[in-house]
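User: I'd like a close look at one part of this structure, the surroundings of the ligand. Please then place that part in the chain as a whole, with a few individual positions worth a look in the viewer.

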Amino acid sequence: MAVLGLPGIPIQLVIVASLAVFALYKIYFELTTGARRRQMIRENGCQEVYAYPHKGIGGYLLGLDVIKEMIQSGKEGRMHEATRMRNFKNGRNTLRMKMMRFRMISTIEPENVKAVLSTKFADYSLGQRRREVLSPVFGHGIFTTDGSAWERSRAMVRPNFTRQQVADLDMFEVHVLHLLDSIPRDGSTIDLQDLFFGLTMDSATEFLFGRSTNTLAPGLETKSANEFVKAFVYVTENMSKNLRSSGLTEMLPNAEWTRNVKIVHSFADNIIRDAMDQAKSQEGSGRYLFLHELLKHTQDPYALRSELINILLAGRDTTAGLLSNTWHVLSKRPDIWNKLKAEVDGLGGEKPDYTTIKEMKYLKWVLNESLRLMPVVPGNSREAIRDTILPVGGGPDGRSPILVKKGEVVSYLVWSMHRREDFYGPDALEFKPERWEKLRPGWEYLPFNGGPRICVGQQYALLEASYATIRLIQSFPRIESRDEREWREWLTITLSSGVGCKVTLFEK
Ligand code: HEM
């Protein structure tokens, strides 16, 4: 008799042997890993974390109930708010849930976030899911690697962000002028969000590679840059969907995806080729360029392309998102507009420099508040690479430490954490720049991440967003919203406005 491809072995014997192997494994596991975990629990006073009440067998086994809700609310542009309402009501700030093959701990406790990103940094990696989703497009760059590969990337990237390089506002002014020229003067409607994405693309490419895509410059823009922008939006939007669906949507074949990834890659390859030629011709010019620095470390086209696309994502979408979200508010809130305009008028029409910008209090408050209520990176996660402890979240009051097992994912939801009334007061949901007069938050305010992987472009982004905002207000002292709709999410890998930013700007 042949059973399961094992000729001559009776099925009963196969079953008994399998059970015996399983039992032996369990005993071994309990004596080693299990014993170690029980000891960690005892020593740290860990308690169980609240388990999310999944619905149905699909929910219980794979978290399908939550994934379905995330996909639906994502389509409606309110996924992060739906998550906040579902997961973090009744003061529940940490919970355990299932998402396909991953066991996940979801938290909005600053102490836990600090542990994951800083004090227990070495216990976590970016995680398998992030690598699976991002690597086909982003390769091996600063956003997709851990350990020594990440350290190498970080060491290459950081020198770009000294104050001297960041504060090159003359370079940025060229692109701002192109933006100002693109705005109609005849009272017609313009979507500022489109222009902000063009602006940050043009300035990021110039800052990093010494050559701008010039998407906003009349006559200088190229077909390939425009195609790239569309393809980049497509792939980042799809990656975001794949992250939300925990892998479900990737199972469907998608020729459009393959085509767009190819456009993104070949655009990057062309920039690299040109930059390599340019690097040769500019030798000795002394100008620091990211790509030139990179070329000193590697000539590998795959590695170069990876870093290039990583930094483009970091530098372009984020600052554009911050500008669009902020200007959406400005177009709807004359009270905030008037206060900001008064501060800008204080410059007497002069272009601002680094020091002036740093002294503009109200502008800083507006940007802080924008990043609080519409954080451009609204949620994030890490995967435990060994058993570790989170300081809070366990027990009936959620104040006891909890055990995080190797392979578990800890997601921290900045959107929801930034809305906690116990930190921001009963008016936490209101956009109120004035709250920043007294507010000095710690880990409960985290638009740029914290710990060793803190955003390297923070100053650059704030300076760029401030400068563009000031120059726009100086050129157009009056604004009217041309859209009745409320702000909603547009989730790619980052967060911007799902209704764009449709306005009319007036020169007087
Ligand atoms: C409003 C604008 C920005 C926001 C809100 C923002 C936010 C963030 C956040 C939350 C992270 C952590 C991601 C993670 O570890 O999972 C990050 C990392 C990073 N950001 Fe930004 N960012 C902004 C602008 C920029 C700009 C303009 C650049 C560069 C031109 C930049 C470069 C980077 C880089 C290279 C990293 C990776 C750091 C690492 O892993 O070591 N960012 N950013």
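Analyst: Happy to. A word on labels: helices are DSSP runs of H or I with at least four residues, strands are runs of E with at least two, and both are numbered from the N terminus. Please keep in mind that this is a predicted model.

Let's start at the ligand. The shell around it holds 25 residues, and the closest are Trp-150, Arg-154, Asn-380, Arg-382 and Cys-455. Three of these make polar approaches to ligand oxygen atoms. The side chain of Arg-154 brings an N or O atom to 2.7 Å from a ligand oxygen. For Asn-380, a polar side-chain atom lies 2.8 Å from an oxygen of the ligand, and the side chain of Arg-382 has an N or O atom 2.8 Å from a ligand oxygen. Two or more shell residues come from each of helix H7 (147–157), helix H14 (301–332), strand S7 (380–384) and helix H20 (458–475). H14 is the largest contributor, giving six residues. In terms of class, the shell is made up of 15 nonpolar, six polar and four charged residues.

Just ahead of H20 in the chain is a position with notable backbone geometry. Asn-449 sits in the loop that runs from helix H19 (421–424) to H20. Its phi is positive, about 70°, although this residue is not a glycine. Asn-449 has a relative accessible area of 15%, so it is buried, the cut-off being under 20%. Another asparagine invites a look: Asn-214, in the loop between helix H10 (192–209) and H11. Asn-214, also not a glycine, has a positive phi of about 50°. With 16% relative accessibility, Asn-214 counts as buried.

H11 leads us to another enclosed element, helix H4. Seven of the nine residues of H4 are buried, so the rest of the structure largely encloses this helix. The partners of those buried residues include H11 (223–244), helix H3 (64–75), strands S3 (94–99) and S4 (102–107), and helix H18 (414–417). One of the buried residues of H4 is Arg-84, which has 17% relative accessibility. Beyond its neighbours within four places in sequence, Arg-84 is in contact with Lys-89, Trp-415, Ser-416, Arg-419 and Leu-429.

For contrast, try Pro-136 in helix H6 (residues 128–138). At 44% relative accessibility, Pro-136 counts as partly exposed. Outside its neighbours within four places, Pro-136 is in contact with Arg-131, Val-261 and His-265.

Now the whole chain. Its secondary structure comes to 20 helices and 14 strands. The radius of gyration is 25 Å, close to the 23 Å from the globule rule for 508 residues, so the chain is as compact as a globular protein of that length. Along the principal axes, the C-alpha trace spans about 85 × 55 × 40 Å. Of the 508 residues, 53% are buried. Among contacts between residues at least 6 apart in sequence, 73% join residues at least 24 apart. The accessible surface is about 23500 Å², with 57% of it belonging to carbon and sulfur atoms.

Conventions:
Residues are numbered from 1 along each chain as its sequence is written. This is a predicted model: local features need pLDDT of at least 70, side-chain atom pairs count only at pLDDT 80 or more; totals for chains, interfaces and linings use all residues. Side-chain values use heavy atoms; hydrogens and water are left out. A residue is near a molecule or strand if one of its heavy atoms lies within 4 Å of it. A polar contact is a pair of N or O atoms within 3.5 Å; within protein, one must be able to donate a hydrogen and the other to accept it, and residues adjacent in sequence count only if both atoms are side-chain atoms. Ala, Val, Leu, Ile, Met, Phe, Trp, Tyr, Cys and Pro count as nonpolar, Asp, Glu, Lys and Arg as charged, and the others, Gly among them, as polar. The radius of gyration is taken over C-alpha atoms; the globule rule is 2.2 Å times the number of residues to the power 0.38. Buried means under 20% relative accessible area, exposed over 50%, partly exposed in between (1.4 Å probe, protein chains only). Contact means heavy atoms within 4.5 Å. Accessible areas come from the Shrake-Rupley method with a 1.4 Å probe; for residues, only the protein chains shown count as cover.
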